[in-house]
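Hi,

Here is the structure I said I would pass on. Have a look at it first, and my notes are underneath.

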Amino acid sequence: MARIGAIVPAAGSGLRMGMGTKKQYLTLAGVPLLGYALKTMEDSPTVQEIVVVVGPGEENYCCDAVVKKLGLNKIAAIVQGGSERQDSVYNGLLALSPDIDIVVVHDGVRPFLNQDILVEVVAAAQKYGAATCAVPAKDTVKLSDEDKFVTRTLPRDCTWLVQTPQAFRYKLLMTAHRRAQEDNLLVTDDTALVESLGGQVKIIMGAYENIKITTPEDLDVARAIIETAGQGGLW
Ligand code: C5P
């Protein structure tokens, strides 16, 4: 049976939140935000081990305030991240057991992932090498130059807003990260690294509620989702 490992990057500075406490550790219904993503991975029969990536010096805090508090048993390591998300994921990769076949990467600040999507993304990575969940763009997406003049309008029918989880064959993701380092390529999600190698990435339908908590308004949305679903409903 394939061995599946998860990396949960949570080493961002959270500057866009503009609050004293880092957003990863803000509590939602009494649970630290990071705890939701970790609990989803913990509860997945598919995932065998989890590596959490946190900011420098936060390892003990994360261990006490999140891992022990929630009684998580699949945490193989809590490691320090880097200055960019890509660096953090790479540090996580280095900490996974070398016999892992499939790696799932899921943002620590996406609390509302459902298990069905996780299973589908992993299955697609086993089949195609790399997969991500994403939702169809509801608005038309345009590209601009630095002066905010539109340079291109993307056809809405095939425009997707990419989320996590993303899943990969372990060797493919490792190769993609190493090549990016050699080429000084910096991207904001891991599938872009596979794309840069010319590899195919399969899209799996995500969920609009699988939001990334980035700014204070997102916290209001998150509270509303919890109120509607009930925390138990989410887990
Ligand atoms: O910055 P972005 O919104 O893409 O962050 C997505 C996830 O990556 C968050 O969970 C954040 O904590 C994490 N991250 C990280 N290391 C960084 C930057 C972001 O682990 N240097």
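Below is what turned up, starting with the ligand and ending with some backbone details.

One thing before the rest: this is a predicted model.

**The ligand**

There are 15 residues around the ligand, and P9, A11, G12, S88 and K212 are the ones that come nearest. Sorted by class, that shell has 6 polar, 5 charged and 4 nonpolar residues. If you want to find your way by secondary structure, look at β1 (4-10) and α3 (85-95), since each of them supplies at least two residues of the shell.

Three contacts are worth pulling up on screen. The side chain of S88 puts a polar atom 2.7 Å from a nitrogen atom of the ligand. With G82 it is the backbone that takes part: a polar backbone atom there is 2.9 Å from a ligand nitrogen. A10 also uses a polar backbone atom, in this case 3.4 Å from an oxygen atom of the ligand. As for how much of the ligand is covered, on its own it has 450 Å² of accessible area, and the protein covers 87% of that.

**The second largest pocket**

I also went through the second largest pocket, which holds about 200 Å³ of space. Its lining is made up of R110, V135, L161, V162, Q163, A207, Y208, N210, I211 and K212. Strand β10 (residues 160-169) gives the most to that lining, with 3 residues. By class, the lining comes out at 6 nonpolar, 2 polar and 2 charged residues. Note that K212 turns up twice: it is in this lining, and it is also among the residues that come nearest to the ligand.

**An aromatic pair**

Searching the whole structure gives 2 aromatic pairs. One of them is Y25 with Y61, an edge-to-face pair with 5.0 Å centre to centre and 85 degrees between the planes. Y25 sits in the loop between β1 and β2 (27-28) and Y61 in helix α2 (residues 59-70), so this pair ties together parts that are 36 residues apart in sequence.

**Backbone details**

Most peptide bonds are trans, and most residues other than glycine have a negative phi. Two spots here go the other way. The peptide bond from T164 to P165 is cis, with omega near 15 degrees, and P165 has its place in strand β10. Then there is A29, where phi is positive, near 50 degrees; A29 is in the loop between β2 and β3 (31-32).

Over to you,
and thanks for taking this on

How values were computed
Residues are numbered from 1 along each chain as its sequence is written. This is a predicted model: local features need pLDDT of at least 70, side-chain atom pairs count only at pLDDT 80 or more; totals for chains, interfaces and linings use all residues. Side-chain values use heavy atoms; hydrogens and water are left out. On a 1 Å grid over the protein atoms alone, a cavity is a set of points where a 1.4 Å probe fits but cannot get out, and a pocket is an open set with protein on both sides within 12 Å along at least five of seven lines; lining residues have an atom within 4 Å of a point. Grid points are joined across faces, edges and corners, and a volume is the space filled by probe spheres set on the points. Helices (H or I, at least four residues) and strands (E, at least two) are DSSP runs, numbered from the N terminus. Ala, Val, Leu, Ile, Met, Phe, Trp, Tyr, Cys and Pro count as nonpolar, Asp, Glu, Lys and Arg as charged, and the others, Gly among them, as polar. A residue is near a molecule or strand if one of its heavy atoms lies within 4 Å of it. A polar contact is a pair of N or O atoms within 3.5 Å; within protein, one must be able to donate a hydrogen and the other to accept it, and residues adjacent in sequence count only if both atoms are side-chain atoms. Accessible areas come from the Shrake-Rupley method with a 1.4 Å probe; for residues, only the protein chains shown count as cover. Rings of Phe, Tyr and Trp (its six-membered ring) pair if their centres lie within 6.5 Å; planes under 30 degrees apart count as stacked, over 60 as edge-to-face and the rest as tilted.
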